[in-house]
Amino acid sequence: MPINTPRNRFVLSLIVAGVGLALFLSGSYRNWTSGWGQPWEFLGVLVFVAGVWYSVDSVKKGASGDPENELPPQGWLAWLGLIFSSACLVTLWLSWSAFSPHTPVWNNADAGQVGRNLGLLFVSWAILSAVLRRRWGSAVIYDERDIQIAFRACNMGRIAITASVIAIALMLALAPSSWLASFSFPLLAQALMTTLLIGHWVDCLMLVRFYSHDRQSAEDG
Amino acid sequence: MPARHSITNQIRRYRFEQGEMTQQALANTCGVTRQTIIALEANRYAPSLELAFRVANALQVPITEVFQWTPPD
């Protein structure tokens, strides 16, 4: 049974990305020291970005190895968006308690660390997207068909945002006031930020689904 | 099951009549991605009027030679 298959390489790169994300979120490596100051500061995010790069690259090449069935540029970028928005959502979910105290954000060191983590993820996302775009050079990376696909995916993202906002409104309206008293303003702000991210995540998920379906149709002939 | 459209085309045939023009070459000439040409040839995508004209122009044949429309029953 062959081990070095595209599918196995894809799974391995996802595992590496998962380990990188776990390292990044745990943050314990930031206390490791060596002779050069703080060389481990970006270890987690670097492992994560490397894992994401190879997973997206293996997705681009396609399961069949046929260049005609390669994922189009926008599908590639959608995969990247899905992975990074998932990482941002996981970061927000795991840091929920950091926003609970009724203290201003500027006096909350844990909330500040969450903000820096999110900022690092967004910057890595932007850099990786820019690098990917440069790989295509002057080639066309989207056209009228991509716009149609993006429109359909965007509609699903908007539905997800609307549903999430309605859920928050219902929670605020129906939950007991004693329970709501534990809600701080930063926590509500985080809930709304999560809502926006959920919308983008659904958008990316649907894009990935549409492009995968499209490629599957091409492979089926 | 891929969606089929009532607009069919002869792109593949005219591509080969144009000295075996590749899908990528046609895509570059028309300003679209190769995946769009693949989807067009498989009748999985109905192009805009402008793209239809661009394809016909790239293949140097009248648009009605490349694209056909079948009225629904």
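This report describes the fold of chain A, the interface between chains A and B, and selected residues in both chains.

The structure is a predicted model in which local features need pLDDT of at least 70, side-chain atom pairs count only at pLDDT 80 or more, and totals for chains, interfaces and linings use all residues. Residues are numbered from 1 along each chain as its sequence is written, chains are lettered from A and ligands numbered from 1 in the order in which they are written, and side-chain values use heavy atoms, with hydrogens and water left out.

## Chain A

Chain A contains 7 helices and 0 strands, where helices (H or I, at least four residues) and strands (E, at least two) are DSSP runs numbered from the N terminus. Along the sequence, the pattern reads α-α-α-α-α-α-α. Of the 221 residues in chain A, 40% are buried; buried denotes under 20% relative accessible area, exposed over 50%, and partly exposed the range in between (1.4 Å probe, protein chains only). Contact denotes heavy atoms within 4.5 Å. Among the contacts in chain A between residues at least 6 apart in sequence, 79% link residues at least 24 apart.

Two serines illustrate the interior of this chain. A:Ser184 is located in the loop between α6 (177-180) and α7 (185-220) of chain A, and its relative accessibility of 1% classes A:Ser184 as buried. Apart from neighbours within four places in sequence, A:Ser184 contacts A:Phe99, A:Ser100, A:Pro101 and A:His102. The side chain of A:Ser184 comes to 2.5 Å from the backbone oxygen of A:Phe99. By C-alpha positions, A:Ser184 and A:Gly157 are 27 Å apart in space and 27 residues apart in sequence.

A:Ser164 belongs to helix α5 (residues 144-174) of chain A. A:Ser164 is also buried, at 14% relative accessibility. When residues up to four places away in sequence are not counted, A:Ser164 touches A:Thr195 and A:Ile198.

## Cysteines

Over all chains, the structure has 0 disulfides, a disulfide being a pair of cysteine sulfur atoms within 2.5 Å. Why is A:Cys88 not bonded to A:Cys204? The closest cysteine sulfur to that of A:Cys88 lies in A:Cys204, and the separation of 10 Å is too far for a bond. A:Cys204 is accordingly in no disulfide. A:Cys88 is buried at 0% relative accessibility, and A:Cys204 is buried at 6%.

## The interface between chains A and B

The size of an interface is often expressed as the accessible area lost when the parts come together. Here, 16 residues of chain B contact 18 residues of chain A. The area buried between the two chains is about 1,400 Å², and carbon and sulfur atoms give 47% of this area; buried area is the accessible area (1.4 Å probe) that two parts lose on being put together, summed over both. B:Thr33, B:Gln35 and B:Tyr45 account for 37% of the area that chain B buries against chain A, more than any other three residues.

The interface has 1 salt bridge, defined as a side-chain nitrogen of Lys or Arg within 4 Å of a carboxyl oxygen of Asp or Glu. A:Asp214 and B:Arg44 form a salt bridge in which the closest N and O atoms are 2.7 Å apart. Helix α3 (residues 34-41) of chain B provides 5 residues, the largest share of the side of chain B that touches chain A.

## Helix α3 of chain B and two positive phi angles

Helix α3(B) is largely enclosed by the rest of the structure, because 8 of its 8 residues are buried. The buried residues of α3(B) include B:Arg34, B:Gln35 and B:Glu41. This helix is followed by B:Asn43, whose phi is positive.

The table sets out two residues of chain B with positive phi.

| Residue | Phi | Loop in chain B | Relative accessibility |
|---|---|---|---|
| B:Asn43 | about 60 degrees | between α3 and α4 (49-59) | 18%, buried |
| B:Gln60 | about 60 degrees | between α4 and α5 (63-66) | 63%, exposed |

Neither B:Asn43 nor B:Gln60 is a glycine. B:Asn43 counts as buried, whereas B:Gln60 counts as exposed.

Definitions and conventions. A polar contact is a pair of N or O atoms within 3.5 Å; within protein, one must be able to donate a hydrogen and the other to accept it, and residues adjacent in sequence count only if both atoms are side-chain atoms.
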